[in-house]
Amino acid sequence: MVDSQYYLPNDIGISALDCTEAFRLLSPREQIYAHYLSRSAWYGGLAVLLQTSPESASIYVLLQRLFRKQPPAQLGNVATAAGLSPEEYQAFLVYAAGLYANMGNYKSFGDTKFIPNLPKEKLKALVWQSQAFQDRPGEMEALWDSCSTLLFSLEDQQKQLGLGDKGITTYFSGNCCLEDAELAQRFLDSKNLSAYNTRLFKKKSEGKTCYEVRLASAVQKGESSCLDSVLYDFEDCVFTVSRGDYDHLMKKVSENLEKAKDHAANENQKRMLEEYSRSFTFGSVEAHKEGSRFWIKDKGPIVESYIGFIESYRDPFGSRGEFEGFVAVVNKAMSERFAKLVSSAEVLLPELPWPKDFEKDRFLLPDFTSLDVLTFAGSGIPAGINIPNYDDIRQSDGFKNVSLGNVLAVAYATQKDKLTFLDEDDKDVYIKWNGPSFEVQVGLHELLGHGSGKLFVQDEKGTFNFEQDNVRNPETGEKITTWYKGNETWDSKFSTISCSYEECRAECVGLYLCLNKHVLSIFGHEGEDAEEVVYVNWLNMVRAGLLGLEFYTSESKSWRQAHMQARFVILRVLLEAGEGLVTLKESTGKDGRPDALIKLDRSKIHTVGKGAIERFLCKLQVLKSTADVEGGRALYEGYSAVSDSGSHNFLCLRETVLQRKEARKMFVQANTRVKGDSVDLVEYEGSAAGLICSFTERFADDAEEVEAHLLEHAAVMPTPAPD
């Protein structure tokens, strides 16, 4: 029997993202603008297959060819003839839907591998009897041979994403380890190059260790070729910088951005798209940053979008961005509430528990809108976003906040019988108030969590952005002795812990400020209702901390998901606060299996709870501001530790969580299709079959061309070479 964490259950939740009304209300010009932006996002999103695992692209092409010839209902008849039971065929459909939804065969949330929940020989029989195989037997057999072993393999290293012997990654060649990643970061810093759109490949040549830094771009040569084809001697190794990673996909992205530009609403949008196109054409992060500046200036657009190599959660080193692109339409009613939160930001920021010297010199009022997603291409869809991630732009130009309303509406709806680790009374309160409380938490997390806090920097000219003689560390009372220098960034400095640490800081800001009555009133919550929102927000956080144990790998003692590690850390902090604030007990469920119960004393949230979060949040910010990596690691890794000693046996609780886990929902997204002078919205049912059909129709015009290039890139994916 395969461990259930490595396959997706047949009854996994799959929901259609509803954007019918939002799209209908767009003007024809806005619809065509949204269409071409969506095409850019979908083409770029295919790069995630190549960023995930060596086999993901081949599996994707195999599935596309099967379902393009025979949609799910028709292929079901073939499955029956091939000897598959209805349950086995449904398991195959769920696997295919999962690969499309995650853009690879590793879960986007948790980074564990998933395999089909049916015998390999049964799936092979289905492939061999399919129409796709009958039409092109040689190609289909070659495809099967190229991916079938890894498709089903659960060798220890292949169970999760990771660097070196800890897992699988395609951001680095298989012979790279943490020391290689650190060396490459020092090289990139020395050349003032960002790692966001790069991958690193290592080999030996004439007795020397050689590294290739490969930039994502449509062309092989940069605008300025000074970096191209040059050998750099660096710390007794040789580095080269090349371009052309994902070249065909980047060309498609740029072409559609150029088409969208013809329908842009204003000059900021045009300049933004020009710079994005230049970025993907030449592999220039600086161009993407310039485009992001115009994006920030484009206040309150009806059609909102962002695209690029954005989040670094899945790079084991924490510096390289996974491609994503979204297109969404403003939800005016919910956006009004977020606008009120933005206007209150300058009043709320001083409430945060660190001295004013540790806050930005001026808060740049951002856009904060609620959007209904039309397109979100990448490995998964979040509930909220705070971007761009470039530290220098966030400090000087600002940022935008986005809450994805139609995602929130379906992602966190929970049935009572599937709510684990809560007592019956808490379940009823949780179901009633989880949606409203999560909306508050997302708003605070994105705007005042990620949007707050200052980094102390000494630039290349030696100028400091803080007063060295006057600023004191509130934890020690001493002068500041560490800071960011030159090209150092938060990501490059704190590397492997940066993503989770920052998510933890933002989550703590949400917990802390949701206690503010003014904040609650902005979202329409007063009196007893407001207290229910606070209670469920804190209850949800401590429960999420327990659920987070699913995303911890005990063998490698590593975390696979930044947000869930952050929530576990917060659970540890609140348990440590004592005084009965949070209690966590192991038990036996009605089904006779191990269970657990977590309780929160609501009468102590404003006292014991607030005090604990206040102290911890201040520490997090001070360590971040001062670039104190050693102190930050000691604090964060200490609370992240999962052991069987101490007041709670978290290793044992992890097994309980795994036994009772619920699979994360998947989303079916619509397609857009130009028809004469108008754009049609093509929607699909919320099922595995609907999700599959949405993908086979998404690239109908040039599927063969795109798939050929994906296979070409997959074929040259570097594999471990002997040292």
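This is a short selection-by-selection tour of the structure above.

**Before you start**

The model is predicted: local features need pLDDT of at least 70, side-chain atom pairs count only at pLDDT 80 or more, and totals for chains, interfaces and linings use all residues. Residues are numbered from 1 along each chain as its sequence is written, and side-chain values use heavy atoms, with hydrogens and water left out.

**Stop 1: the UniProt positions**

Select His445, His450 and Glu503. An unreviewed UniProt entry lists these residues under "binding site". UniProt positions follow the numbering used here, feature names are shortened, and annotations may be inferred rather than shown by experiment. The three are spread over 59 residues of sequence, yet they cluster in space, with a largest C-alpha distance of 8.4 Å.

Zoom on His445. It lies in helix 18 (residues 424-449). Helices (H or I, at least four residues) and strands (E, at least two) are DSSP runs, numbered from the N terminus. His445 has 5% relative accessibility, so it counts as buried. Buried means under 20% relative accessible area, exposed over 50%, and partly exposed in between (1.4 Å probe, protein chains only). Leaving out residues up to four places away in sequence, His445 touches His450, Glu503, Ala506, Glu507 and Gly510. Contact means heavy atoms within 4.5 Å.

Move to His450. This one sits in the loop between helix 18 and strand 11 (457-458). His450 is buried too, at 11% relative accessibility. Beyond neighbours within four places in sequence, its contacts include Asn386, Arg394, His445 and Glu503.

**Stop 2: a cis peptide**

Select Ile387 and Pro388. A cis peptide bond joins them, with omega about 5 degrees. Pro388 is in the loop between strand 9 (384-387) and helix 16 (391-396).

**Stop 3: helix 6 and the largest core**

Select residues 86-102, which form helix 6. Thirteen of its 17 residues are buried. Its end C-alpha atoms are 24 Å apart, which agrees with the 24 Å that 17 residues should span at 1.5 Å a residue. The expected span is 1.5 Å times one less than the number of residues. Just after helix 6, Met103 takes a positive phi of about 50 degrees.

Now add Tyr60, Phe67 and Phe92. These have the most contacts inside the largest nonpolar core, which has 112 residues. Helix 6 gives the largest share of this core, nine residues. A nonpolar core is a set of buried Ala, Val, Leu, Ile, Met, Phe, Trp, Tyr and Cys residues joined through side-chain atoms within 4.5 Å.

Centre on Phe67. Not counting neighbours within four places in sequence, its contacts include Tyr89, Phe92, Leu93, Ile692 and Thr696. Apart from this core lies another, of 93 residues; Trp483, Val519, Phe568 and Val608 are among them.

**Stop 4: strands 6 and 7**

Select residues 303-311, strand 6. Nine of its nine residues are buried, so strand 6 is largely enclosed by the rest of the structure. Strand 6 pairs with strand 7 (residues 322-330) in the antiparallel sense over eight bridges. Two strands pair if DSSP finds at least two bridges between them. Glu311 stands opposite Glu322 in strand 7.

**Stop 5: two positive phi values**

Select Glu235. Its phi is positive, about 50 degrees, although it is not a glycine. Glu235 is in the loop between strand 4 (232-234) and strand 5 (237-245). Glu235 is partly exposed, with a relative accessible area of 42%.

Finish on Tyr246, in the loop between strand 5 and helix 11 (247-261). Its phi is near 55 degrees, also positive in a residue other than glycine. Tyr246 is buried, with a relative accessible area of 2%.
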